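Student: I would like a close look at one part of this structure, with its surroundings described in a connected way. Please keep to what can be computed from the coordinates.

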Amino acid sequence: MMIRHHLRLTRRFCTKAPLPDLGIRIYSCRTREKIPLQLPSPARITSFYTCGPTVYDSAHIGHASCYVRLDIVQRILQDHFGFRLVTAMNITDIDDKIIRRAAEVGKPWTDIARHYEQEFWTDLQRLNVRPPDIKLCVTDHIPGIVTFIERLIANGFAYKSSDGSVYFETSKYLQYGKLQNIPTEQQQQPSTEAKKNAADFALWKAVKPGEPSWPSPFGPGRPGWHIECSTLASQIFGRRLDFHAGGLDLRFPHHENEEAQSCCYHGVDDWVRYWVHTGQLHLEGQTHKMSKSLKNTVSIGELMNKHSADEFRMLCLLSHYRSAIEFGDESMAVATNVLKKFRSFFDDCRAYVGGVKPAVEVDSGELQGKMLEVDGKIEEFLRNDFNTASVVTSLGELASTVNRSINTGSGRGDSTVVASEGGTVQAMANYIRNKLALFGLQEFDAERKLTSEGCSSDSIDQVIESMVQIRNGIRAQAIESKDRRLFAVCDQIRDRLKEVNVEVKDHGKTSSWSYLKR
């Protein structure tokens, strides 16, 4: 009967009209290739669910790389392609690890969960990861989880075992293993435990002495890991999810099991349209992922003590979101240098447009043509499974082209022509800045207003500009009189400004300034 039911579902979905191709290609873990992104309409609400952390300890940079990369993908979908995303994330606040940690430190498990949950949200804020629209704690939704399990039992996909737990019967779901391509014979190996098959997984764990539990028709206990995300996502988005995301290590068994039980619950062939899995992070010289059990973790706090959020985000941008990331001094130096080159580019553009650098001849037509060429490439890269590494490379090439023009051109005396060329250079800078800001790089987000002790960023900029102009006056007198004491004063002002992350550059008889880090 289950086979006939499955065939009816297949025929029903196959007869539907094909969804429109949005001109974007995304990787499919089922087919192991890139496929067209097809959704009912780009104007409709698009659901995006992310598996959140189990809050028993501080998050490390392996977690950070996952959430920063997914944040970048969401920004591209939302801010570049115009998808109307609604994002949700769960917090697993009851789990074996939380219970063990509470016993180790002698605190209630609820205190452990709440402490590390708040720390997690603070860490995401420090990394400039947009918070999800909807946050869901598992323990707030136990009744819904129980109802979900009851329906699976009623539909013949789950059973209560001799130990009082409830298991999903994987042999009843004909497509089990479709995300990981698990052979059928491997799935249905007999189990020596209370479950029927080795691949069967717990939906409800029977209560153990001293552990927290909730009442249910199957007896007191608590939910299994996989059922939590299926229930929470279904409560928010219903019988079909557009995007479901997490680290590559979650593809099996977590996402495989989510997909199986959710398809059986909703009576659909596919619950998730597109699975988005990020590559794992490992330390330089290692090949295995960062893991607390291996004691090779770097906390997000430790990261932020040494590097900025933008530097770590650039590290993520320089590789494809599905690729592994190697973290260490060498890789972070590369990311930092990329940021420095863009920073220097914006400094030179501002100096040129402001008349601080000598006026030189710039071929506006050539620059605008280069920008259009790069813009076309970037569109292709983003439509090709969100290839940010190639985008950053193309933006760097455009910046180098502009730099060569404003630093090596011949001098001109026609102020009208120079003003026109200044506008072109400013347009190039605006374009590159906007593309970098699209990815969540705070330093280049012109709309982000920094505040310090009640002062706006504009006010701070004016104070710095005044100090640099005063230094320019002193320096002009030093050049004219060749007074070493005045040169020493200029050097002292420059060094003191650098201590507060303001860099002053001298250009002949004039000077410009910029932030080292925002």
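Which strands does helix α4 lie across, and at what angle does it run to β4? Please describe the sheet around these strands as well.

Tutor: The model is a predicted one. Helix α4, residues 109-126, lies across β4 and β5, and its direction is at about 150° to that of β4.

The two strands belong to an open sheet of 5 strands, ordered β5-β4-β3-β10-β11, with parallel pairing. At its edges are β5 (134-137) and β11 (272-278), each of which pairs on one side only. From one strand to the next, the twist averages 20°.

Moving across the sheet, β3 is joined to strand β10 (residues 241-247) by 3 bridges in the parallel sense. Within that pairing, T50 has A245 of β10 as its bridge partner. On the other side of β10, 6 bridges connect it with β11, again in the parallel sense. There G246 stands opposite H277 of β11. Although β11 is an edge strand, 6 of its 7 residues are buried, which leaves the strand mostly covered. As a general point, side chains in a regular strand alternate between the two faces of the sheet.

T50 also leads to a cavity. The search of the whole structure returns 3 cavities of 30 Å³ or more. The second largest of them holds about 110 Å³ of space. It is lined by 14 residues, and those closest to its centre are T50, Q74, M89, V129 and R130. Three elements, β3 (45-50), α2 (61-80) and β4 (84-91), each contribute at least two residues to this lining. The greatest contribution is from α2, with 4 residues. By residue class, the lining of the second largest cavity has 9 nonpolar, 3 polar and 2 charged members. Thus β4 both lies under the crossing of α4 and supplies part of the lining of this cavity.

Some other elements help to place the sheet in the chain. Helix α8 (residues 251-266) has 14 of its 16 residues buried, so the rest of the structure largely encloses this helix. Just after α8 comes G267, with a positive phi of about 70°.

A separate pairing is that of strand β1 (residues 21-28) with strand β2 (residues 33-38), which run antiparallel and are joined by 5 bridges. S28 is set opposite E33 of β2. This hairpin has 4 residues between its strands, and R32 adopts a positive phi near 60°.

One loop residue is also worth listing. E169 sits in the loop between β7 (166-168) and α6 (184-187). Its relative accessibility is 9%, so E169 counts as buried, the cut-off being under 20%. Leaving aside residues up to four places away in sequence, E169 touches F157, A158, Y159, K196, N197 and D200.

For the chain as a whole, there are 16 helices and 17 strands. Of the 518 residues, 50% are buried. Among contacts between residues at least 6 apart in sequence, 74% join residues at least 24 apart.

Methods
Residues are numbered from 1 along each chain as its sequence is written. This is a predicted model: local features need pLDDT of at least 70, side-chain atom pairs count only at pLDDT 80 or more; totals for chains, interfaces and linings use all residues. Side-chain values use heavy atoms; hydrogens and water are left out. On a 1 Å grid over the protein atoms alone, a cavity is a set of points where a 1.4 Å probe fits but cannot get out, and a pocket is an open set with protein on both sides within 12 Å along at least five of seven lines; lining residues have an atom within 4 Å of a point. Grid points are joined across faces, edges and corners, and a volume is the space filled by probe spheres set on the points. Ala, Val, Leu, Ile, Met, Phe, Trp, Tyr, Cys and Pro count as nonpolar, Asp, Glu, Lys and Arg as charged, and the others, Gly among them, as polar. Buried means under 20% relative accessible area, exposed over 50%, partly exposed in between (1.4 Å probe, protein chains only). Two strands pair if DSSP finds at least two bridges between them. Axes are lines fitted to C-alpha atoms, for helices over the stretch in contact, and angles run from 0 to 180 degrees between N-to-C directions. Contact means heavy atoms within 4.5 Å.
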